Amino acid sequence: MPKSTSHPTQSIPVFRSADLSVVNGANLGDPISFAAELDLDDTYELNQAAEPYRLSLQSDGKGGQVIAPETAIGTPGATLHMDCCLTLMSGNGVTTEVLVLVEVDGKGDVEEIYALPLAPLTPRLGYSLVGINSDSARTKFAEVACVSFTRGTHITLTSGEQKCIEELNVGDTVLTRDDGPQKIRWIGHATVRATGDFAPIRIKAGALHNENDLLVSPDHRLFIYQRSDALGAGRNELLVRARHLVNGDTVIQEDGGFVDYFQLLFDEHQIIYAEGIAAETLLVDTRTRPVLPAELSQELAKSLPDHADRAHMQFEIGESLLNHPDMAKLLKRASTR
């Protein structure tokens with residue numbers, strides 16, 4: 001089977017720089033900008049009418065990132081830099097992190113600046129800039145980009161045993177769809193805010209023939225086999241992101257509190273079985289590599305194949321085919337007929 005060489009995309013909710021501006025401080029009236037132009041203690045407000053846009057990005061294959069063709073904002077093909085991670089604090093002492101992304105043109109000039117809040121911002125509420133970190137932006141973004149399972153998720157081992165993800169160990173052998181038994185190379189774990197676009201998606205028992213609920217990160221891709229091509233994708237095998245299945249009933253986004261996220265890494269990008277649903281494991285590329293321990297990241301760069309160079313990567317479908325009020329129901333029906 002031929003391998004796909006396309007680079008997977010990620011869609012993130014961003015605001016234009018002008019949507020988040022200084023209402024009190026040294027840079028009064030200025031929009032949010034890159035680290036070198038910011039001053040601590042400036043107070044920012046999100047414009048009342050501001051709406052997030054979907055910025056699509058992908059690896060450029062050379063260690064950087066570019067804006068993807070299907071983006072709703074920005075110039076496709078333009079380079080995108082992760083500039084810094086800002087810490088904003090509201091008047092009641094609650095802090096929110098915001099990533100600053102910079103789009104540059106072919107000459108290296110700044111074309112646009114985007115703000116990616118890692119928790120919801122309230123319009124017309126003052127946020128004081130209390131932290132500017134130019135070193136952590138790539139790692140923070142990697143945490144957002146990683147596909148993750150939640151604590152309690154049952155993973156199918158080669159023996160057929162269903163084991164909770166938090167009980168797995170490096171070296172355990174997991175059943176994969178494409179390569180049979182494969183050993184876990186690394187297990188990541190992080191506790192993050194379950195808020196806004198980054199809150200986990202709960203796929204309730206039975207929604208996709210799963211016996212138990214499955215709770216995953218929003219951009220986690222699930223493998224679906226259709227007996228009939230219900231979406232007009234031209235193929236029976238699909239990769240669908242969990243957030244596209246939300247219907248407010250059998251598939252919901254759980255906003256609030258904190259969530260324990262776990263990542264499973266194999267020598268190659270794999271499709272494994274979580275609560276009986278075929279789902280992807282961590283994909284290593286320029287977006288996600290910063291979450292790995294330094295020694296493992298260096299080893300991956302030298303000895304392991306490109307995770308994106310896998311035949312099943314061609315199964316992901318574009319958002320234009322996902323405009324349906326109940327994708328979960330449609331795909332469940334298509335998988336049994």
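Analyst: Let's start with a working rule: a residue is called buried when its relative accessible area is under 20%, exposed when that area is over 50%, and partly exposed in between. Keep in mind that the structure above is a predicted model.

User: Thanks! Why is Cys84 called buried?

Analyst: Cys84 has a relative accessible area of 0%. The limit for buried is under 20%, so Cys84, at 0%, counts as buried.

User: And what makes Cys85 buried?

Analyst: The reasoning follows the same path. Cys85 has 2% relative accessibility, and buried means under 20%. Therefore Cys85 is called buried as well.

User: How do you know that the structure has no disulfides?

Analyst: A disulfide is a covalent bond between the sulfur atoms of two cysteines. To count here, the two sulfur atoms must lie within 2.5 Å. A search of the whole structure turns up 0 such pairs. For Cys84, the nearest cysteine sulfur is that of Cys85, 7.6 Å away. Set against the cut-off of 2.5 Å, that distance leaves Cys84 in no disulfide. Seen from the other side, Cys85 has the sulfur of Cys84 as its nearest, at 7.6 Å, and is in no disulfide either.

User: Now some loops. Why is Ala36 called exposed?

Analyst: Ala36 sits in the loop between β2 (20–24) and β3 (43–46). Its relative accessibility is 72%, and exposed means over 50%, so Ala36 earns the word exposed. To place Ala36 on the whole model, compare it with Thr281: they are 245 residues apart along the chain, and their C-alpha atoms are separated by 37 Å.

User: What makes Gly63 partly exposed?

Analyst: Gly63 has a relative accessible area of 41%. Buried needs under 20% and exposed needs over 50%, so 41% puts Gly63 in the middle class, partly exposed. You will find Gly63 in the loop between β4 (53–59) and β5 (65–67). Gly63 and Arg287 are 224 residues apart in sequence, yet 8.8 Å apart in space, C-alpha to C-alpha.

User: What is special about the phi angle of Asp41?

Analyst: Asp41 has a positive phi of about 80 degrees although it is not a glycine. Asp41 lies in the loop between β2 and β3. With 58% relative accessibility, Asp41 is also exposed, because exposed means over 50%.

User: Which value does phi take in Arg124, and why is that residue called exposed?

Analyst: The phi of Arg124 is near 65 degrees, a positive value in a residue other than glycine. Arg124 belongs to the loop between β8 (110–117) and β9 (127–133). Its relative accessible area is 54%, and exposed means over 50%, so Arg124 counts as exposed.

User: Why is Arg16 said to lie over the face of Tyr53?

Analyst: For a charge to sit over a ring, CZ of Arg must be within 6 Å of the ring centre and within 35 degrees of the ring normal. Arg16 is 5.0 Å from the ring centre of Tyr53, and lies over its face.

User: How many aromatic pairs are there?

Analyst: The count is 0. For two rings to pair, their centres must lie within 6.5 Å, and the structure holds 0 aromatic pairs by that rule.

User: What makes a space a cavity rather than a pocket, and how many cavities are there?

Analyst: In a cavity, a 1.4 Å probe fits but cannot get out, whereas a pocket is open. The search finds 2 cavities of 30 Å³ or more. The largest cavity has a volume of about 100 Å³. Of the 14 residues lining the largest cavity, the closest to its centre are Ala145, Val147, Arg221, Arg241 and Arg287. The second largest cavity holds about 30 Å³ of space. Among the residues lining the second largest cavity are Gln65, Met82 and Arg287, and α1 gives the largest share of that lining, 3 residues.

User: Which residues are closest to the centre of the largest pocket?

Analyst: The largest pocket has a volume of about 600 Å³. Of its 33 lining residues, Leu118, Lys140, Glu143, Val144 and Val192 are the closest to the centre. β15 supplies the largest share of the lining, 7 residues. By class, the lining of the largest pocket divides into 14 nonpolar, 11 polar and 8 charged residues.

Definitions and conventions
Residues are numbered from 1 along each chain as its sequence is written. This is a predicted model: local features need pLDDT of at least 70, side-chain atom pairs count only at pLDDT 80 or more; totals for chains, interfaces and linings use all residues. Side-chain values use heavy atoms; hydrogens and water are left out. On a 1 Å grid over the protein atoms alone, a cavity is a set of points where a 1.4 Å probe fits but cannot get out, and a pocket is an open set with protein on both sides within 12 Å along at least five of seven lines; lining residues have an atom within 4 Å of a point. Grid points are joined across faces, edges and corners, and a volume is the space filled by probe spheres set on the points. Helices (H or I, at least four residues) and strands (E, at least two) are DSSP runs, numbered from the N terminus. Ala, Val, Leu, Ile, Met, Phe, Trp, Tyr, Cys and Pro count as nonpolar, Asp, Glu, Lys and Arg as charged, and the others, Gly among them, as polar. Rings of Phe, Tyr and Trp (its six-membered ring) pair if their centres lie within 6.5 Å; planes under 30 degrees apart count as stacked, over 60 as edge-to-face and the rest as tilted. Buried means under 20% relative accessible area, exposed over 50%, partly exposed in between (1.4 Å probe, protein chains only).
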